[in-house]
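Colleague: Could you take a close look at the aromatic side chains of this model, and tell me which rings pair and how they are arranged?

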Amino acid sequence: MIKFISCIILLLLIANIGLAQVEDTTYVEPPDTAQSYSGPDETVIKPKPKKSPARLSGDFGLYGEFYSVSDGDARRPSETGRLFLRPTLTLFGTFSASLDIIYSTEGSSAKQDINQFAVHPKWSWGTLHAGDFSHELSKYTMSGLNIRGAGVELYPGMLRFHAVGGQSKRKVEAGAYSSVYSQNAYGIKLGIGQEDKSYFDINFVRVKDNQNSLPVEIFQVDSIEVDTTLTPDSTDTEQVPQNGITPEENMAVSASTALKLFNRQLVFRGEFAGSAYTRNLYSTSEIGEDIPSIVSNIYTPRTSSNFDYAYATELSYNQRVFNIRGGYTLIGPGYTSLGMTSNINDKQTLEGGLGFRLLRNKVALQGTFQNQSDNVADQKTNTTTRTTIGVNAIIRPVNQISIALNTMQNVMKNDAADDSTWIVQDSIWNEQDSSWTEPDSVLYVGQIHNVNSSYSANIMYQFMMFNMNQSLNANFSMQLSEDKNPARLRNDINTRNIMFAFMSMLSRSWSATANVSLNTVDLESQDKTSRTGLGLT
């Protein structure tokens, strides 16, 4: 911890020295000599401050935590420290180079490394990436994936070219079921157009685990150690481990577009993507005669491979008085892209929104609607549907007062019958008296019907006091969760929260905030609990 604090102090000193050397824009106004002589009035031309060709800016942050428990096992380290530093050096207003440094004491060989170091040089028609970074090619191919490697973005004129590649996961040896294979990923974008206007892109992503990054002996088959003298043959499943995690491979290709018309008031967005995903690279390859060689040379189909597609469309119209939006998304049950940090497949979504700005923007109303369902390929017994309706209003009767009102209801249900079934649980072995506990029968109802409603109101008042900007904020929120399944009655939850806060802008650089809050949770089958909080920032 001492080393960690020493590094922080050293970085602060370096940052201050660098700022003093690079960005010296101190300007002392010359004395006014216009009244020191008699004669006609003349305008005194004051010299302009000299602008430095280099400018240093950025962010610096620290986080520290001490943790202890008086009873039970500790679930976190006793002390944790994090540091982030993001300086940017700009030269002549046309070239910039930024660093992205994140250091944490939470680094461990048993998980992925969260420490990061990256540099991002940027000029008028391109950007380079080197180190630890995340990059987005498109919504359904690569988005949010952390890569330790390099990348380039080039956009001369109407052309668009992106290329990134590197290690997306490092190997972790932690047993047959908790280990992680080393994984590499790369992606390419070819397109025409500009991001803030209209464009059309082709995106390609390839992600693959390194089968040789983990030793075969950590896996077991039927409790017998695998013969490590043999090199596993990817076409013979008898020689490879069948227990635990398996190496994966994935390829995703998409076409994405945006069309902006009538001074960007009418906007259409869309993407169509296809994926090939192999769950186990040790599974037998299946290259049929009907598969062209150009395809099999790029990707080898196996018995554990899935091929599916996804697409999304959205049309919006934004005018001064009102806006309207609608969209439809379908993701097949087999669509997978390892270039995405999260990917929920087997769903189709219909969504929309309508808003109005009235009385010279003193009143803003916005409504949203979303209906999402699974079982896209009709492979499941039941289909689960989620419907969300929300309405919010912002009212500003005068400049000093703003009122925000929000309400939302989320309903999740399936089309299962409401008839009940008694399920017998497994017997339990009792170590103390060496006997079996007789199983209990449990009432099970396959029907899902949950309703979640939320309401909130917020009032803010801004004013001047002691020649400083002040603000008062009052917030009330309530959330009600209901389970309408007949087998799970008396499980409703009612949560209420009230908060008052006062903030004072002491200067352009400093502010102070004090708040008090009251939170109550009412469980239908238990007692009501409440908690009061006081805060000062």
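**Aromatic rings**

Modeller: Ring pairs join F272, Y309, Y311 and Y328 into a cluster, where rings of Phe, Tyr and Trp (its six-membered ring) pair if their centres lie within 6.5 Å, and planes under 30 degrees apart count as stacked, over 60 as edge-to-face and the rest as tilted. This is a predicted model, in which local features need pLDDT of at least 70 and side-chain atom pairs count only at pLDDT 80 or more, while totals for chains, interfaces and linings use all residues. Residues are numbered from 1 along each chain as its sequence is written, and side-chain values use heavy atoms, with hydrogens and water left out.

By the pairing rule there are ten aromatic pairs. Among them, W123 and W125 meet edge-to-face, at 5.6 Å centre to centre and with 85° between the planes. W123 is partly exposed at 22% relative accessibility (buried is under 20% relative accessible area, exposed over 50% and partly exposed in between, with a 1.4 Å probe and protein chains only), and W125 is likewise partly exposed, at 41%.

The pair of Y186 and F204 is tilted, because the ring centres are 6.3 Å apart and the planes stand at 45°. Since Y186 belongs to strand β8 and F204 to strand β9, this pair ties together parts that are 18 residues apart in sequence; strands here are DSSP runs of E, at least two residues long, numbered from the N terminus. Y186 is partly exposed, with a relative accessible area of 38%, and F204 is partly exposed at 23%.

Conventions: Helix = DSSP H or I, 4+ residues; strand = E, 2+ residues; numbered from the N terminus.
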